[in-house]
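Me: I would like to learn how to read pockets and helix packing. Please take one feature at a time.

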Amino acid sequence: MSGRAQLMWDEEVTGYDFGAGHPMDPVRLALTMRLVQAYGLDRAVRVVAAKPAGESTLRLVHGQEYIEAVRRASAAPEAADGSYGLGTIDDPAFAGMHEASALIAGQSVGAAEDVWRGEALHAVNFSGGLHHAMPRAASGFCVYNDAALAVARLLELGAERVAYVDVDVHHGDGVQAAFWDDPRVLTISLHEHPRTLFPQTGWPEEAGGEGAEGSAVNVALPAGTSDAGWLRAFHAVVPELLAAFRPQVLVSQHGADTHVEDPLAHLAVTVDAQRAVAESCHRLAHEHADGRWVALGGGGYAVVDVVPRSWTHLVAIAAGRPVEATTPVPEEWRQEVYRRTRMDAPRRMTDGREPNWQEFGESGYDPADRLDQAILATRRVVFPHHGLLP
């Protein structure tokens, strides 16, 4: 094992562009990479541009008819009529859509391959994490499900146990669907409650198909959950399950849309807490997966104030060069932000909050607290399948 961290990057991923006014603005990817470079982190990792996912790789998750539909919509976007989820408000067709989507998928698959083969210990693809795409349909700004494809490729290479941890504000429904009946994959998703947010799935009772009971884990957080509750929920569920499951690889999805400033959701998390969860995933990979860690991006629509800082922290943690919370943001990056967006960039690397929480169990369980209710609901459904007490 080389022990080196790897960053998957090809400037062409910014071609994944649904058009002006769409929340998934590719400037968030470009600005993240520029911030990574401003801190010199691109010299602390190996930067790799993987090839686009080919058809045989895409078929590990997606149906042939869907791939063909994406190709047609990519060649003639004006003809997309909503079939297969293409040409909708969420997923408008655009020229080159297949190529851009396959390129992002290729970065995640390449990251998984290199980690499994020992070319890298950690690999980050912040352009990935498109977790809503279904085997036969686009959904929620996602065309090809690179996260599911990375997991499927690990299984194809011989992995027997893969854990997928998703902390995006939206339920990781596409990844869950892809492995619903597969006990080799443990999917854990912490997300805003489906009563108040797309895709209206991810209830604690969704726990895996026949023969794979307990392999799907869903923590449905009440709207308004802030750092202390978010971190309490993560630590009340994820570490114990990973210890019991003993994954050979950890794949994590770090959507930044849990942030209090995100325009599309209703949690109240800070960059400080997002950074803390990235650090926890790094530590858990070393504790339970021999350090093998594939880290992906995801949602995040505060494209200047939040996303670049959150994912730069992710890269820095994977590289073993964490950026201190009080570090000022480089002035050259702030100028680049203004040049591209005419928006003022943040001046420091976090929101100035010290992440802290009370461990579930240590402080007792409050039956009147909606967050504790959510945690206990998940533990009661899933933990017994892993030989754990709720």
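Me: How do the residues of the lining of the second largest pocket divide by type?

Reply: Ala, Val, Leu, Ile, Met, Phe, Trp, Tyr, Cys and Pro count as nonpolar, Asp, Glu, Lys and Arg as charged, and the others, Gly among them, as polar. Here the lining divides into five nonpolar, four polar and three charged. This is a predicted model, where local features need pLDDT of at least 70, side-chain atom pairs count only at pLDDT 80 or more, and totals for chains, interfaces and linings use all residues. Residues are numbered from 1 along each chain as its sequence is written, and side-chain values use heavy atoms, with hydrogens and water left out.

Me: How is empty space found, and what is the volume of the second largest pocket?

Reply: Rolling a probe the size of a water molecule over the atoms shows where empty space is left. On a 1 Å grid over the protein atoms alone, a pocket is an open set of points where a 1.4 Å probe fits, with protein on both sides within 12 Å along at least five of seven lines; lining residues have an atom within 4 Å of a point. Points are joined across faces, edges and corners, and a volume is the space filled by probe spheres set on them. The second largest pocket has about 170 Å³, and its lining includes Met-8, Lys-51 and Asp-114.

Me: Which helix gives the most to that lining?

Reply: Helices are DSSP runs (H or I, at least four residues), numbered from the N terminus. Helix 4 gives the most, with five residues.

Me: What about the largest pocket?

Reply: Its volume is about 260 Å³. Among its 14 lining residues, His-193, Arg-195, Ala-220, Arg-370 and Ala-374 are the closest to the centre.

Definitions and conventions
Helix = DSSP H or I, 4+ residues; strand = E, 2+ residues; numbered from the N terminus.
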